[in-house]
Amino acid sequence: MYTRAIVRPPAANFADGLTSVDLGKPDFAKALEQHTRYCTALEQCGLTLTRLPADANFPDSTFVEDTAIFTDRCAILTRPGAASRAGEVAGIEPTLREAFARIHTITAPSTVDGGDICQAGNHFFIGISERTNTEGARQLGEILATEGFTATPVDIRDVRGILHLKSGIAYLGDNRLVLIDALADHSAFSDYEVVRIAPEENYAANCLRINATVILPAGYPQFEATVHALDYSAIVLDMSEFQKMDGGLSCLSLRF
Ligand code: CIR
């Protein structure tokens, strides 16, 4: 059961952030509107929000998920793999210190982006990507082990079209994983019930199960039908402006 989330709206220079996709420049006013709807959706799921101010020093800072990992036992400050995002962690730390009694820190030469970390109950999948290095995966695995969690690294460096592990996976609870085709047959996931995403709907893999609700992006009818068939209540959100900057639903909040 989640009760809280941390969010930060996009700053006016949001379009200056990093992107690997060729979907055009995001519209700032539209991004703000989509962010507002996102926050309302989290509140509809029962979460109380801590709203940080927009931070134009870091155009990607609306993607707060990459700066920390939250568990029910501790928080972990990450060390983002993109140099332009390294300073975002200091901006989130004071809020973490208020909320968590125990905080661990990823240290050099490790890099970890929160978007590469998928929690499934007491187990974590740790993506090794362009952002999270093998040393980071190892260090994070050790930290999680001290807290009684298990972890499996998943190397996604050869998987085309995903920036982070969670661009291609989501945990829905009930031992059920949403997976893109490129990850669906990976041995790390063999003990789970798999909801496969059709290749043309890959972006929908980055969905969020929050309490009784699944929040999913608009424009993916096959996955939306699956969510209804599985009896979740669904909230569908237009994410177009964040998608242009390689972002999805999970990236825009830290939930706990
Ligand atoms: C970046 O490239 O870092 C941002 N433009 C997008 C980060 C998306 N974060 C996430 O998937 N957790």
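The second largest cavity encloses about 50 Å³ of space in this structure, which is a predicted model. Its lining is formed by Arg8, Asp55, Phe58, Ser61, Val64, Thr67, Gly87, Glu88, Gly91 and Ile92. Sorted by class, these lining residues comprise three nonpolar, four polar and three charged.

In total, two cavities of 30 Å³ or more are present in the structure. The largest cavity holds about 90 Å³ of space. Around the largest cavity stand Leu18, Asp60, Phe63, Asp66, Arg85, Arg131, Leu163, His164, Met245, Asp246, Gly247 and Cys251. This lining of the largest cavity consists of five nonpolar, two polar and five charged residues.

The volumes and lining classes are set out below.

| Cavity | Volume | Lining by class |
|---|---|---|
| Largest cavity | about 90 Å³ | five nonpolar, two polar, five charged |
| Second largest cavity | about 50 Å³ | three nonpolar, four polar, three charged |

The cysteines form a separate topic. A disulfide is a covalent bond joining the sulfur atoms of two cysteines. Across the whole structure, a search returns zero disulfides. For Cys74, the closest cysteine sulfur belongs to Cys118 and lies 16 Å away, so the separation is too far for a bond. Cys118 likewise takes part in no disulfide, and the cysteine sulfur nearest to Cys118, that of Cys207, is at 9.7 Å. Both distances may be set against the cut-off, since a disulfide requires the two sulfur atoms to be within 2.5 Å.

With regard to solvent exposure, Cys74 has 0% relative accessibility and therefore counts as buried. Cys118, at 2% relative accessibility, is also classed as buried, because that term applies to residues under 20% relative accessible area.

Definitions and conventions
Residues numbered from 1 in each chain as written. Predicted model: local features only at pLDDT ≥ 70, side-chain atom pairs only at ≥ 80, totals over all residues. Heavy atoms only, no water. 1 Å grid on protein atoms, 1.4 Å probe; cavity = no way out; pocket = protein on both sides within 12 Å on 5 of 7 lines; lining within 4 Å. Points joined across faces, edges and corners; volume = space filled by probe spheres on them. Nonpolar A, V, L, I, M, F, W, Y, C, P; charged D, E, K, R; others polar. Buried < 20%, exposed > 50% of the residue type's maximum accessible area, 1.4 Å probe, protein only.
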